[in-house]
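Reader: I want the reasoning behind the labels, not just the labels. Take me through it step by step.
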Amino acid sequence: MALKVNNSLALTMLLLVGILSTKVMSRSLHEVSMVEKHEQWMAVHGHVYKDAAEKEMRFEIFKSNVERIEAFNSEGGKSYRLGVNAFTDLTSEEFRASRNGFKVSSHPRATGFRYENLTAVPSSMDWRQKGVVTPVKDQGQCGCCWAFSAVAATEGINQLSTGNLISLSEQELVECDTSGEDEGCNGGLMDEAFKFIIQNKGLTTETNYPLLVSSVLGIMENIKTYLIAAVQANRESRWRHSNKFSHDCHLGLVPP
């Protein structure tokens, strides 16, 4: 009788050990797979960490973000999917701190809505298909979203006015528009950027003044080719009141 009890106990213990070993092995395989993903991601995006401690910290953030991405995509029922990109080893707080340089204006704005009685509004509008949007640009580790926003709007207006889609210089705004509330990588306002463009009689091209995200002030007068058409008088009022411009965008009248 004692022998049977001992055999049963031994069998139970063996099964428990087997189950635990399977779980540990599964977890280990998951960790190995995630480490490989992280290494591949580092190679693709050219990420190099200063030491092993930083790499371990970034790996944990990367793993957490990837698991959240995979969990979201596995749920289904969404109109979009998440994906791994160059920012997957950053926390949400770090990403916002490095990318969001928008400042809330302290000046009152006009509140009128010029199209309140308009009914012929398209159900959707893809300005890429209209040829008025330049390719996606990367502002880097610089809080100059205000400059990118203003330049994108100006590029679209210029295309609608002239028929030419030209990539304009965000760097000119970052380095040269510093007399008001705009402070380069430390944030700014689209309204102030539009005022600078108007007063400056345009922006030079991205080719002439490429994005460097430098904090050093500089004006490359010798290579500027002003695009005066981008700031024609008939567009000035729209630029001065960004809320009206925003309404136009939502109604499919001008590009975002």
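Author: Start with a cut-off: buried means under 20% relative accessible area. By that rule, the buried residues of H4 include Trp146, Phe148, Val151 and Ile157. Polar residues also make the list, among them Thr154, Glu155, Asn158 and Gln159. Bear in mind that this is a predicted model.

Reader: How do you know that the length of helix H4 agrees with its residue count?

Author: Helix H4 covers residues 145-162, which is 18 residues. The expected span is 1.5 Å times one less than that number. That gives 26 Å, and the end C-alpha atoms are 26 Å apart, so the two agree.

Reader: What comes just after H4?

Author: Gly163, with a positive phi of about 85°. Further on, Ser169 sits in the loop between H4 and helix H5.

Reader: Why is Ser169 called buried?

Author: Its relative accessible area is 0%. The cut-off is under 20%, so Ser169 counts as buried.

Reader: What makes the link between Ser169 and Tyr209 a polar contact?

Author: The side chain of Ser169 reaches the backbone oxygen of Tyr209 at 2.8 Å. The limit is 3.5 Å, so the pair falls within it. Ser169 is also in contact with Val151, one of the buried residues of H4.

Reader: Ile61 in helix H2 next. Is it buried or exposed, and why?

Author: Buried, because Ile61 has 16% relative accessibility and the cut-off is under 20%.

Reader: Which residues does Ile61 touch beyond four places in sequence?

Author: Thr88, Asp89, Leu90, Thr91 and Glu94. Asp89 is 28 residues away along the chain, yet the C-alpha atoms of Ile61 and Asp89 are separated by 5.4 Å.

Definitions and conventions: Residues numbered from 1 in each chain as written. Predicted model: local features only at pLDDT ≥ 70, side-chain atom pairs only at ≥ 80, totals over all residues. Heavy atoms only, no water. Helix = DSSP H or I, 4+ residues; strand = E, 2+ residues; numbered from the N terminus. Buried < 20%, exposed > 50% of the residue type's maximum accessible area, 1.4 Å probe, protein only. Contact = heavy atoms within 4.5 Å. Polar contact = N/O pair within 3.5 Å; in protein donor to acceptor, adjacent residues only side chain to side chain.
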